Structure formats: C-alpha cells, structure tokens
Amino acid sequence: GDQIYLAIRISLAVAFSHQIESMPLILDDILVRFDEERQKETLRFLMELGKEQQIFLFTCHERTMKLAEEAGREENTGEFIQLRNGCISKRI
C-alpha cells in the first residue's frame, strides 16, 4: 500500500509540474515499511527525480538516512541535513 501511495504522489507531482509549475515534493518517513532493497531502489529513483524536482525527504531513522546518502553518492546528487538536539547541521 505504501508503494502505491508513493507512486500516486510522485505521479501527481510530476504531472502538476508539467502542466503548471514545479512544486517541492515533501515526504515524511514514507519508506518506513519498505524492506531495505525497496528503500534503496526508491531512494535511487528519488535522487534521479530530484535532479529535476525539489524533494524533501524527512526521516527519523538513521538507517534510512545512510541509505539515502549512499544513493546520493551513486547518483551524484542530494544534500543531507540533520536536526539533532535542536541544532541543524549539514551531513558530510
């Protein structure tokens, strides 16, 4: 169900961006119930899509963040920021 929900959200955002204007896609812990392989593939897809459309992916799961950073390195894209103890910092 989560995969279908994500697919619908992405398709609506992309269709809207082609018809009117691009808007950021905001996703909050959308990958929580995906297995690790599906998370990796979805993150690679999001990194590629992020080259054309702004995407904000929020997560409180360190493993998801690490997978996102790996996908970002593979796709040579992405910016990773964390909020910890009330402090915002860029992850390197």
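**Salt bridges, a hairpin and helix α3 in a predicted model**

N76 is found in the loop that runs between α3 and β3. The model discussed here is a predicted one, and this asparagine makes a convenient way in. Its phi is near 55°, a positive value in a residue other than glycine. N76 comes just after α3, and its relative accessibility of 70% is over the 50% cut-off, so N76 counts as exposed.

A second asparagine invites the same kind of look. N85 lies in the loop between β3 and β4, and here too phi is positive, at about 55°, although N85 is not a glycine. With a relative accessible area of 79%, N85 is exposed. The setting of N85 is a hairpin of β3 and β4 that has two residues between the strands. Strand β3 covers residues 81–84 and strand β4 residues 87–90, and the two pair in the antiparallel sense over four bridges. Within this pairing, Q82 stands opposite S89 of β4. As a general point, side chains in a regular strand alternate between the two faces of the sheet.

On the other side of the N76 loop, α3 spans residues 62–75. This helix has 14 residues and reaches 20 Å from its first C-alpha to its last, close to the 20 Å expected at 1.5 Å a residue. The buried residues of α3 are T64, M65, L67, A68, E69, A71 and G72. As for where this buried set packs, its partners are α2 and β3.

G72 deserves a closer look. This glycine is placed in helix α3 and has a relative accessibility of 4%, which is under the 20% limit, so G72 counts as buried. Leaving aside neighbours within four places in sequence, G72 is in contact with M47, T77 and F80. Another glycine, G50, sits 22 residues away along the chain, and the C-alpha atoms of G72 and G50 are separated by 10.0 Å.

Attention now turns to charged side chains. The structure holds 12 salt bridges. Some of them join up: E62, K66, E69, R84 and R91 are linked in a network of salt bridges. One member of that network, E69, also appears among the buried residues of α3.

Other salt bridges can be described pair by pair. D2 forms one with R33, and the closest N and O atoms are 2.7 Å apart. This pair links distant parts of the chain, 31 residues apart: D2 belongs to helix α1 (residues 2–19), while R33 lies in the loop between β1 (25–28) and α2 (36–49). R33 has a relative accessibility of 68% and therefore counts as exposed.

The side chains of R38 and D35 also meet in a salt bridge, at 2.5 Å from N to O. R38 is partly exposed, with a relative accessible area of 42%, and D35 counts as partly exposed at 34% relative accessibility.

A further pair, E41 and R44, forms a salt bridge in which the closest N and O atoms are 2.5 Å apart. Because E41 and R44 are three residues apart in helix α2, about one helical turn separates them. E41 counts as partly exposed at 42% relative accessibility, and R44 likewise counts as partly exposed, at 22%.

Back in helix α1, the surface has a nonpolar feature to show. I4, I8 and L12 form a nonpolar patch on the surface, with about 320 Å² of accessible area together. L12 has its place in helix α1, and at 58% relative accessibility this leucine counts as exposed.

Terms used
Residues numbered from 1 in each chain as written. Predicted model: local features only at pLDDT ≥ 70, side-chain atom pairs only at ≥ 80, totals over all residues. Heavy atoms only, no water. Salt bridge = Lys/Arg side-chain N within 4 Å of Asp/Glu carboxyl O. Buried < 20%, exposed > 50% of the residue type's maximum accessible area, 1.4 Å probe, protein only. Pairing = 2+ DSSP bridges. Expected span 1.5 Å × (residues − 1). Contact = heavy atoms within 4.5 Å. Patch = residues over 30% accessible without salt bridge, like charges linked within 9 Å, V, L, I, M, F, W, Y side chains within 5 Å. Areas by Shrake-Rupley, 256 points an atom, 1.4 Å probe, with all protein chains shown as cover.
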